[in-house]
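Q: Could you take me through one part of this model up close, the nonpolar patch on its surface, and then show me how the rest of the protein is put together around it?

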Amino acid sequence: MMTQSEAKPKPTQPSSYGLEERLAVCQQVAQLVEARLPISGELGSRTQSAPSRISALAQSVETQLAQGKSLAAALASDESRESRVLSACIVSGELSDRLDHALHCWTNMHFANRLAQRRLRSALVYPFLLVVVTAISLTYVIWALIPEYRETYALFDKSLPAWLHAIVWIREQLAPILLGLLLAGLLSGTYFYWRYRGKRKRNWPAESSQRLRLQALASEMAASMLNSQVALNQIAPLTTAVAGGDRENVDEAFSNIQSQQPAHPLNRESSMLLSAVHAGIMQKQEAVDNLSQLADHMRDSADTLSARKTRWIPMLTAVIVGLITLFVYVLLIYLPWIWLLTEIVAA
C-alpha cells in the first residue's frame, strides 16, 4: 500500500518546460510583483485557464516557493544558458527591489528575438518561391526549345554548335540538375535560419542581434542594481551571467572590473563604466544614466541588424536569380538564332 508521500505526484522540474511556458509564468509573476500581491497563492489561480503546461509550471513554482526555495531556483534550476540568464535576472531584480522590471526586460528581450525570427522566416519565403518559379520556367524553356533548335538547324543542313551540344546534354540530365538546384536553394535558406538560431562557442548566440540584446539586458540590470546601491562585487558577476557568461566568466568578472579589463561577455562600454565607478572616476548616478542609454542604444542596434538581414537576403537572392535568368535566356533564346542566321548568311 502506497504512503501519502508516494501517492502525491512530484512537481515537474522547471528544466522540463520550454521557453514558452517560462515566458508566460514570468509575465504573471511580474504583474503580481508590480501589484504588490503575493506570488504564492495567486500565481496558480491566475494561470488556471492557461494551457496545461503553463498551469503546471505555475503550480510547480508555487509548490517550490512554499517549500522555501527561491524564485530563481523554482523557475530556473538547470544549467542551460537560458536558465542562467533568467536566474541572474531574478536575483538582480530582487537585489535592486525591481523584480517586475527585471522580468519585463527578460521577457521583452525574448519577444524581440521571436519577432526577428518571424520576420526572417517571412523574408525567406520570397527567395524560396522565386527560386522555385525560376527553376520551373527555365526548365520549361530548356525542355521545349532544344528539340526546336535541332529541327530548325536540320532544315538548313546545319549541325548544332558545340556549346549547344552542351545544352542538349544539360537537357538530358535535367532532373538531377534541377533537384540539385532546389536542394541548394533550400539548404541556403535553412543555413541562414539555423545560423540565426544557432550557438557559438560557450553556448553564446551566433546571431549578432541576439548577442546585442543580451548585452543590453545586462546593462539594464547593472543600471538597476547600481541605482539601488548594490555592491560592485555583486553587480559584476550577476551582469556577466545575465549577458550569457559561463561559470568561468562569472568568477573572473569582478577581478576584471577591478583591473579595468573587459568582463566578457559584457560589452566593452559596460565594463568601462563599472570600472570607472569602482575607481571613483565616475559618480554612480552618471554611470546609471550611461548604462541605461547604452542599453537603449544596443537594443536599437539589434533591431537595425535584424531588419537589415531581412532586407538583404531577398535582395541578394533576387539579383542572383535575375542574373541566372538573363544568362540562360541569352544563351538559349538569342544566341542560337543569331548563330543560325550568321551561318545562313555566310553560306
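A: Let's start at the patch: Leu-326, Val-330, Tyr-334, Leu-335 and Ile-338 make a nonpolar surface patch of about 470 Å². To be in a patch, a residue needs over 30% relative accessible area and no salt bridge; nonpolar side chains (Val, Leu, Ile, Met, Phe, Trp, Tyr) are joined within 5 Å, and like charges within 9 Å. Areas here come from the Shrake-Rupley method with a 1.4 Å probe, and for residues only the protein chains shown count as cover.

Before going on, a word on what you're looking at: this is a predicted model, where local features need pLDDT of at least 70 and side-chain atom pairs count only at pLDDT 80 or more, while totals for chains, interfaces and linings use all residues. Numbering runs from 1 along each chain as its sequence is written, and side-chain values use heavy atoms, with hydrogens and water left out.

Back to the patch. Tyr-334 sits in helix α14, residues 284-346. Helices (H or I, at least four residues) and strands (E, at least two) are DSSP runs, numbered from the N terminus. Tyr-334 counts as exposed because its relative accessibility is 51%, given cut-offs of over 50% for exposed, under 20% for buried and partly exposed in between (1.4 Å probe, protein chains only).

Now zoom out. The protein has 14 helices and 0 strands. Of its 347 residues, 43% count as buried. About 18800 Å² is exposed, and carbon and sulfur atoms supply 59% of that. Among contacts (heavy atoms within 4.5 Å) with a separation of 6 or more, 64% are between residues 24 or more positions apart.

What about the inside? In soluble globular proteins, nonpolar side chains tend to be buried together. Here the largest nonpolar core has 60 residues, and Trp-106 and Leu-217 touch the most other members. A core like this is a set of buried Ala, Val, Leu, Ile, Met, Phe, Trp, Tyr and Cys residues joined through side-chain atoms within 4.5 Å. Leaving aside residues up to four places away in sequence, Leu-217 touches Val-85, Cys-89, Cys-105, Trp-106, Met-109 and Val-242. Another core, of 13 residues, lies apart from that one and includes Ile-142, Tyr-149, Tyr-153 and Val-328.

Then there are the charged pairs. You'll find 7 salt bridges in the structure, each being a side-chain nitrogen of Lys or Arg within 4 Å of a carboxyl oxygen of Asp or Glu. One of them joins Glu-21 and Arg-53, with the closest N and O atoms 3.2 Å apart. Glu-21 is in helix α2 (residues 19-34) and Arg-53 in helix α4 (residues 52-66), so this pair ties together parts 32 residues apart in sequence. Glu-21 is buried at 11% relative accessible area, whereas Arg-53 is partly exposed at 39%.

Helix α14, home of Tyr-334, takes part in this too. Glu-207 and Lys-309 meet in a salt bridge at 2.9 Å, N to O. Since Glu-207 lies in the loop between α9 (174-197) and α10 (208-227) and Lys-309 in helix α14, the pair ties together parts 102 residues apart in sequence. Both partners are buried.

Arg-299 pairs with Glu-220, again by a salt bridge, the closest N and O atoms being 3.2 Å apart. With Arg-299 in helix α14 and Glu-220 in helix α10, the parts tied together are 79 residues apart in sequence. Arg-299 is partly exposed, at 29% relative accessible area, while Glu-220 is buried at 11%. Add Asp-296 and you have a network of salt bridges linking Glu-220, Asp-296 and Arg-299.
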